[in-house]
Amino acid sequence: PIMSSRNAGSVTISGTQTLDVTKRWFASSNGDDCIAGKMKAALKIRPLLQYKFENRKCTGGTVDVTKTEDTVKACRKRCKRRRGCRAIQYQADTGGCAIYSVVPTGISLPDVGSSCEVATTSCDPTATLALAEPPTPAPPTPAPPTLPPTPAPFTCASGFSSRQTMGLVKNPPMDEASGIVSGYRNTRTLYTHNDFTGRPEVYAIATSPLGDWSSGQLQGVFKLGNAGFVDYEDIAMGPGPNGSGYIYAGDIGDNDDRRNSIVIYRAAEPDLSRGSYRLTDTSSLELEYPRGKGINAECLMFDSYDDRLYIITKEKGEIYRTPTVWGSGNAQMTLIKVGDVGTTSSDIVGCDISRNGREILIKTYGSVYYFCRDQGASLVGVLERTGSRQPYAQEPQGEAVCFANDRNGGFYTLSESTGRSTTPLYYYSRN
């Protein structure tokens with residue numbers, strides 16, 4: 001309970017917290033309303049308010065009527081004018097003025113903007129006011145932290161099953177699909193490009209029914225801003241200057257062994273909801289081989305372990321790597337030879353590395369090879385070993401391969417059209 005003599009200026013709660021109350025409790029400043037220990041009859045009918053509890057609400061008691069007043073002072077005056085008023089509750093934000101006909105039995109815990117004021121009809125200066133305050137609630141027991149689900153432990157694939165046809169890709173525009181890669185932002189999308197006779201464009205293809213798109217259907221055409229075009233041969237995904245989800249289009253082909261340098265174009269993965277548009281954030285990385293021109297390549301990968309780009313040459317299976325991380329904007333570098341593929345040394349026409357960096361695919365015209373590496377292991381060290389040959393039915397001019405981000409970790413393949421109006425999109429499921 002809260003106890004206070006009526007002529008005190010404060011009330012102490014639990015021996016620590018002090019509430020201010022009005023010191024004026026007689027009807028007049030000289031105290032002549034109490035004569036011979038008795039309060040004047042008029043004050044017994046319409047008493048003054050004696051105790052004022054700022055930022056507290058009255059609890060218990062009986063509310064006779066509730067009105068609206070602009071100020072707490074106006075609410076007090078209304079109490080004085082009303083016979084039998086024993087307390088008021090004023091709420092500053094709403095102007096609510098509650099008139100009590102029975103004295104409240106308690107006050108609330110702190111409530112900003114409220115004011116509970118209680119009257120008395122006693123002339124006894126030693127009398128006290130007792131109002132109950134609710135116990136301070138115990139702090140809530142913190143809920144145990146919500147931990148993300150533990151991902152299933154990674155295991156290397158035991159193999160892949162025979163191919164399934166997922167859809168048909170139309171020609172045009174896909175005449176010479178030479179590279180494919182699964183989207184990060186758009187997981188049910190493959191990004192691809194045309195080969196030697198194409199344009200500096202990336203095409204989005206649905207891998208499964210999605211909204212108005214069916215499997216194999218074109219979702220959008222995205223022109224690489226300010227990009228040139230000589231011979232786009234492969235495409236990769238990886239982080240970029242502003243996070244993950246960047247497309248790396250490799251203009252790395254050189255069938256005639258003439259190019260002094262090759263170029264990789266980078267742009268953020270598009271927003272498919274916008275339809276086709278120009279990727280204005282495209283930047284370029286011009287690369288030279290350490291022994292000069294005359295090297296043809298059709299395999300490009302971004303390794304998330306070291307944030308470097310890797311290129312594998314078509315005829316000899318030589319592995320080249322960018323010497324440093326490609327930062328923002330355009331850049332020029334000289335590639336470093338870091339090893340040789342151990343499985344095959346000719347006709348390497350496509351490749352991909354999984355999003356987690358643990359698995360690699362190498363494709364020739366007639367075969368697909370699978371590699372699995374330990375966490376943190378060198379990509380070159382893995383590729384110098386012999387990969388496991390996987391089921392693959394040869395396509396007319398099949399150069400494109402990539403892991404799936406939308407199914408069970410299998411892989412897709414796509415061929416050039418070789419003059420057909422449609423080309424099947426194939427999927428090899430993980431065992």
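I count a residue as buried when its relative accessible area is under 20%, and I apply this to a predicted model.

**Strand 29, burial.** I looked first at strand 29, residues 368–372, and found it mostly covered, with 5 of its 5 residues buried. Which residues lie on each side of strand 29? I noted Val368, Tyr370 and Cys372 on one side, with Tyr369 and Phe371 on the other, and since all of these are buried, both faces of the strand are covered. I kept in mind that side chains in a regular strand alternate between the two faces of the sheet.

**The sheet around it.** I then traced the open sheet of 4 strands and read its order as 27-28-29-30, with antiparallel pairing. Why does one side of strand 27 and of strand 30 lack a neighbour in the sheet? I found that strand 27 (350–353) and strand 30 (388–390) stand at the edges and have a single partner strand each, so one side of each is left free of a neighbour in the sheet. From one strand to the next, I recorded an average twist of 25°.

**Pairings, strand by strand.** I looked up strand 27 with strand 28 (residues 359–363) and found an antiparallel pairing over 4 bridges, in which Ile353 stands opposite Ile360 of strand 28. Strand 28 continues to strand 29 by a hairpin of 4 residues, and I listed 5 bridges between these two antiparallel strands, with Tyr369 in strand 29 as the bridge partner of Ile362. For strand 29 and strand 30 I noted 3 bridges, again with the strands running antiparallel, and I entered Ser388 in strand 30 as the bridge partner of Tyr370.

Methods: Residues numbered from 1 in each chain as written. Predicted model: local features only at pLDDT ≥ 70, side-chain atom pairs only at ≥ 80, totals over all residues. Heavy atoms only, no water. Pairing = 2+ DSSP bridges. Axes fitted to C-alpha atoms, helices over the stretch in contact; angles between N-to-C directions. Buried < 20%, exposed > 50% of the residue type's maximum accessible area, 1.4 Å probe, protein only.
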